[in-house]
Amino acid sequence: MNDVKHITYSYFPGCTLRNKALDLDRYARASAEALGFTLEEIPDWQCCGGTYPLAKDEIATKLSSVRALASARDAKQELVTICSACHNVIKQVNNDMRTDENVVLKVNNYLREDGISYNGETKVLHYLEVLRDVVGWDNVKAKVTHPLTGKKIGAYYGCLLLRPGKVMRMDDPENPKILEDFITAIGATLVAYSQRNECCGAYTVFEDRNIPAQRSRKILADAEEHGADMLVTACPLCRYNLIKNKGGSRLDILYFTELLAEALDVKDKVTAVMEAAYAAK
């Protein structure tokens, strides 16, 4: 196994993993420790904004991402994210800070008073990339003590994890396999279906609720027709839309970190801690 036990990553959880997607975060942390690496939360991080600003002159909404990136650089660590939206925003902002001189100039002018100057030095990784490229699928498989034998699972990417492909560079946006390899590594049965990297409707819910309803039902129907029992995702918004629009679908929609924690036999302990915390509120 690659020597990952001494690797500590700077970690940007993001707002949703502090409330509605707390399980995505907690299962990820416990699984990381079981696999031999540590997620060290960036101090005083701020919301990434949730969506990458397309306007070329929009600078202010990129500042929180740059602060997080600079914090990881100063700690001499790579930056890990889990939420698909956070990963998309931070990765694209980091690309701006590497390639767009106008953005670099304006951002660093804003942050000069904070003593920050940043030029894209940090490497940004999604948690799945750590599993694939640092730990390795064979080593993940070797750590599994509770293989999910018999569970028929479909991967659901959505769009933010993979696109734009030239910037995200996680996988082939048209024919990805990173989640499929994950499913195989934890001992489950992979279910292939055509809608796995189609958009669930995402933020169009604020404009027209029928859009995510129609798209989500098409995704669920396709996965179910191919024999899936559940779908796994890294995106809180995708999971929300798919669950909200399940209709008569029997599919469970879970975060990939929950299944990883189950396969590594750390899920029950994490679940008990979360349930105790909820009960105490």
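This passage describes a four-stranded sheet, a buried tyrosine in one of its strands, and two helix pairs in a predicted model. Residues are numbered from 1 along each chain as its sequence is written, and side-chain values use heavy atoms, with hydrogens and water left out. In this predicted model, local features need pLDDT of at least 70 and side-chain atom pairs count only at pLDDT 80 or more, while totals for chains, interfaces and linings use all residues.

Helices (H or I, at least four residues) and strands (E, at least two) are DSSP runs, numbered from the N terminus. The open sheet has 4 strands in the order β2-β1-β3-β4, with parallel pairing; two strands pair if DSSP finds at least two bridges between them. The edges are formed by β2 (37-41) and β4 (124-126), each with a single partner strand, so one side of each has no neighbour in the sheet. From one strand to the next, the twist averages 40°. Strands β1 and β2 run parallel and are joined by 5 bridges. Tyr-11 has Glu-41 in β2 as its bridge partner. Helix α5 packs on the sheet, where α5 touches β1, β2, β3 (79-81) and β4, and the direction of α5 makes about 95° with that of β4.

Tyr-9 lies in strand β1 (residues 7-12). Its relative accessibility is 2%, so Tyr-9 counts as buried (under 20% relative accessible area, with exposed over 50% and partly exposed in between; 1.4 Å probe, protein chains only). Leaving aside residues up to four places away in sequence, the residues that Tyr-9 touches include Phe-37, Leu-39, Val-80, Leu-125 and Val-130; contact means heavy atoms within 4.5 Å.

Helix α5 (residues 127-135) also packs with helix α8 (residues 178-185), at an angle of about 65° and with the axes 11 Å apart. Axes are lines fitted to C-alpha atoms, for helices over the stretch in contact, and angles run from 0 to 180 degrees between N-to-C directions. Helix α5 is therefore roughly perpendicular to α8 (65 to 115 degrees; under 35 is roughly parallel, over 145 roughly antiparallel and the rest oblique). The contact involves Leu-128, Glu-129, Leu-131 and Arg-132 of α5 and Ile-178, Leu-179 and Phe-182 of α8.

Helix α2 (residues 63-74) and helix α3 (residues 84-99) pack at about 80°, with their axes 9 Å apart, which means that α2 is roughly perpendicular to α3. Ser-65, Val-66 and Leu-69 in α2 meet Val-89, Ile-90, Val-93, Asn-94 and Met-97 in α3.
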